[in-house]
Amino acid sequence: MLTVMDCDTIWDNARLMTLASSAAPLRIIAPGLIAAKGGRIIYAGLRREAPALDASRRIDCEDRLVTPGLIDCHSHLVHAGSRATEWENRLAGASYEDIARAGGGIVSTMNATRAASEAELMVQSRPRLEALVAEGVTTVEIKSGYGLELATERRMLKVARTLGENCRVNVSTTFLGAHALPPEYAGRADDYIDLVVGEMLPALADEGLVDAVDAFCEGIGFTPAQTERVFKAARQLGLPVKLHAEQLSNLQGAALAARYDALSADHLEHLDDDGIAAMAHSGTVATLLPGAFYFTREQKLPPVAALRTAGVPIAIATDCNPGTSPLTSLLLAMNMGATLFRLTVAECLAATTRNAALALGVPDVGMLAPGKWADLAVWNVSEPAELVYRMGSNPLHARYWRGR
């Protein structure tokens with residue numbers, strides 16, 4: 001007797017790009033079929049090889065390209081205020097460091113975010129997330145780091161969780177208390193790290209608001225020794241770490257992150273060979289942020305060829321933030337990754353799906369394969385390169401989150 005598998009939904013007549021194999025990320029399966037039950041994929045492959053299936057809903061994709069839902073694995077989209085004036089000053093010649101040392105930069109956003117209520121943060125942040133969702137994003141990382149004290153950091157993380165529920169998107173929350181030194185701790189960076197590791201992180205982790213822990217290891221941020229204190233505290237709480245590393249200088253932050261088996265090291269314009277080797281050994285993902293590179297008019301390129309040769313997985317993200325990358329388009333970030341960093345189309349698509357999932361430590365997204373969430377993006381394109389090629393164009397036909 002023929003066994004029939006029950007499922008909720010079948011997507012039929014599709015051109016599937018499953019991203020399930022790193023060896024052939026752009027392999028197209030056609031005519032393809034996906035079946036899901038309870039929001040998870042039970043089959044993804046050629047229609048002719050599918051088991052007998054019985055579904056209450058069948059969707060004809062009409063030969064459209066279907067990919068995993070996109071993943072933005074580095075964002076600071078929950079914040080209040082704008083820094084357009086600072087950007088204007090940079091156009092006039094001021095550097096990012098000049099602005100930060102004059103009380104602008106992250107501290108400027110800190111003041112606006114501290115003053116905002118939870119409701120106000122929701123109102124200001126939701127359009128940024130909705131812009132990503134409208135381009136097929138189904139998973140997004142949202143960092144704290146504009147409170148720099150417990151109450152506001154908590155408020156940011158709670159808003160991030162609520163946004164995920166309201167916008168039907170997987171939100172991975174990252175505690176970035178070690179983002180900048182708040183004015184009340186001027187000249188007392190070690191004391192502030194005491195607050196981060198002794199009060200803020202334990203409290204927020206205990207409340208279930210933290211999925212990972214990040215820090216800004218930089219001359220205008222925190223030293224490697226201070227960063228390592230944050231990593232040790234995260235490890236004691238069983239939380240994975242990641243790091244803003246080698247953006248403006250080389251403090252060996254990526255190598256430090258790799259020693260703690262970091263999920264990712266991000267930015268990496270000044271990454272050296274030792275850092276690359278350490279990341280390759282630990283499996284740490286290199287998350288590149290071309291929006292920030294473009295917006296700050298950086299000149300030093302991240303070492304893409306060396307990362308590629310070493311086999312370090314590469315992810316791309318928007319780095320959506322008010323000061324250095326007010327970008328809410330992951331499609332444009334892919335185009336920038338190809339144009340500015342010379343990534344291939346295949347690398348860009350893997351960087352915003354399979355590798356981005358690695359950068360967040362979320363194994364059940366980023367591919368179309370049995371057991372993964374049925375997070376899908378259906379595109380009106382004739383070939384995958386169009387997703388990277390166009391600027392200011394959104395070819396999304398439909399987005400499905402957990403099968404819905």
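In this predicted model, the side chain of Ser75 comes to 2.5 Å from the backbone oxygen of Glu141. Ser75 itself sits in the loop that links strand E6 to helix H1 (84-91). With a relative accessible area of 0%, Ser75 is buried. Setting aside its neighbours within four places in sequence, Ser75 touches Val140, Glu141, Ile142 and Lys143, and also Thr318, Asp319 and Cys320.

One of those contacts, Asp319, is worth a closer look. Asp319 belongs to the loop between strand E13 (314-316) and helix H12 (330-341). Its phi is positive, about 55°, although Asp319 is not a glycine. Most residues other than glycine have a negative phi. Asp319 also counts as buried, at 2% relative accessibility.

Back to the strands. E6 takes part in an open sheet of four strands, ordered E6-E7-E8-E9 and paired in parallel fashion. Strand E6 (70-72) and strand E9 (212-215) form the edges; each has a single partner strand, so one side of each has no neighbour in the sheet. On average, neighbouring strands here are turned by 20° against each other, direction ignored.

Working across the sheet, E6 and E7 are held in parallel pairing by three bridges, and Ile71 stands opposite Thr139 of E7. Next come E7 and E8, which run parallel and are joined by five bridges. Val140, already met as a contact of Ser75, stands opposite Val171 in E8. As for cover, E7 is mostly hidden: seven of its seven residues are buried. At the other end of the order, strand E8 (residues 170-178) pairs with E9 over three bridges, again in the parallel sense. There, Ala178 has Ala215 of E9 as its bridge partner. Helix H5 (residues 150-167) packs on this sheet and touches both strand E7 (137-143) and E8, with a direction at about 170° to that of E8.

Helices also pack on one another. Two packed helices are described by the angle between their axes and the distance between the axes. For helix H6 (residues 189-206) and helix H7 (residues 224-236), the angle is about 10° and the axes are 10 Å apart. That angle makes H6 roughly parallel to H7. On the H6 side, the contact is made by Ala189, Asp190, Ile193, Asp194, Val196, Val197 and Leu201. H7 brings Gln226, Arg229, Val230, Ala233 and Ala234 to the contact.

Helix H9 (residues 273-282) has a buried side and an exposed one. Its buried residues are Gly275, Ile276, Met279 and Ser282. These four span an arc of only 135° around the axis, which means that they lie on the same side of H9. Asp273, Asp274 and His281, on the other side of H9, are exposed. The cover over the buried residues of H9 includes two helices, H8 (253-259) and H11 (304-310), along with two strands, E11 (264-267) and E12 (285-288).

The two ends of H9 have details of their own. At its start, a side-chain oxygen of Asp272 gets to within 3.3 Å of the backbone nitrogen of Asp274. After H9 comes Gly283, with a positive phi near 80°.

A couple of backbone details remain. Gln252 is found in the loop between strand E10 (242-245) and H8, and H8 is part of the cover over the buried residues of H9. Like Asp319, which has a positive phi, Gln252 is a residue other than glycine with a positive phi, in this case about 65°. While Asp319 is buried, Gln252 is partly exposed, with a relative accessible area of 32%.

Finally, there is a cis peptide bond between Ala30 and Pro31, with omega near -10°. Most peptide bonds are trans. Pro31 is part of strand E2 (residues 29-37).

Definitions and conventions
Residues are numbered from 1 along each chain as its sequence is written. This is a predicted model: local features need pLDDT of at least 70, side-chain atom pairs count only at pLDDT 80 or more; totals for chains, interfaces and linings use all residues. Side-chain values use heavy atoms; hydrogens and water are left out. Buried means under 20% relative accessible area, exposed over 50%, partly exposed in between (1.4 Å probe, protein chains only). The arc is that of the directions from the helix axis to the C-beta atoms. Contact means heavy atoms within 4.5 Å. A polar contact is a pair of N or O atoms within 3.5 Å; within protein, one must be able to donate a hydrogen and the other to accept it, and residues adjacent in sequence count only if both atoms are side-chain atoms. Two strands pair if DSSP finds at least two bridges between them. Axes are lines fitted to C-alpha atoms, for helices over the stretch in contact, and angles run from 0 to 180 degrees between N-to-C directions. Angles under 35 degrees count as roughly parallel, over 145 as roughly antiparallel, 65 to 115 as roughly perpendicular and the rest as oblique.
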